[in-house]
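Student: I should like to take a close look at a single part of this structure. Please describe how its helices pack and what surrounds them.

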Amino acid sequence: MIDTCNRNPATAAIRLLLLAATLLLSPLTAVDAADVFKGKTVYESYCAGCHGPSGRGEMPGTPNFTRGQQLIRPDLSLFAAISTGKNAMPGFRGILTENEMLDVITYIRTFY
Ligand code: HEC
């Protein structure tokens, strides 16, 4: 009975799909996802001086993250801004790793 099932191409396809789904949903992939807790540490060390601990903006001209200012954009666009800097804001390329920048993006999104 089980042998017959194994030879059924439809069953094999379903098994493959289940395997793929299991792999996709497995906690292992979470290791690669941005880490909001690490992002908080990065934010407090490198960003809060100008953007304020609450993200409201300490220094004049900084966006108010609690109102979503400058946050309604894809991660990649925020990544570019943080990496290269903008006007009074320094670029963080070479100071933060790419993962740290992605972590801090995840964190600043929690303000809004
Ligand atoms: C020296 C002060 C300063 C520091 C430190 C700083 N910022 Fe900024 N940031 C600014 C200012 C000022 C602006 C507004 C720039 C403008 O629009 O002219 C800004 C803008 C931004 C923007 C919007 C960029 C855009 O394209 O409009 C993001 C996102 C941002 N900062 C994130 C961060 C993160 C994350 C950190 C820490 C890794 C950080 N900033 C550190 C001053 C700072």
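Tutor: The following account treats one pair of helices, then the core and the ligand. This is a predicted model, in which local features need pLDDT of at least 70, side-chain atom pairs count only at pLDDT 80 or more, and totals for chains, interfaces and linings use all residues. Residues are numbered from 1 along each chain as its sequence is written.

Helices are DSSP runs (H or I, at least four residues), numbered from the N terminus. The axes of helix 5 and helix 6, lines fitted to C-alpha atoms over the stretch in contact, come within 10 Å and cross at roughly 115°, where angles run from 0 to 180 degrees between N-to-C directions. Helix 5 contributes Asp75, Leu78, Phe79, Ile82 and Ser83 to the contact, and helix 6 contributes Met101, Leu102 and Ile105; two residues are in contact if their C-beta atoms, placed from the backbone, lie within 7 Å.

Ile82, Met101, Leu102 and Ile105 are also among the 12 residues of the largest nonpolar core. Such a core is a set of buried Ala, Val, Leu, Ile, Met, Phe, Trp, Tyr and Cys residues joined through C-beta atoms within 7 Å, and a residue is buried if 20 or more other C-beta atoms lie within 10 Å of its own. Helix 6 gives the most to this core, with six residues.

Around the ligand there are 21 residues, of which Cys47, Cys50, Ala81, Asn87 and Met89 come nearest; a residue is near a molecule if its C-beta atom, placed from the backbone, lies within 6 Å of it. Helix 4 (48-51), helix 5 (75-84) and helix 6 (98-108) each give two or more residues to this shell.
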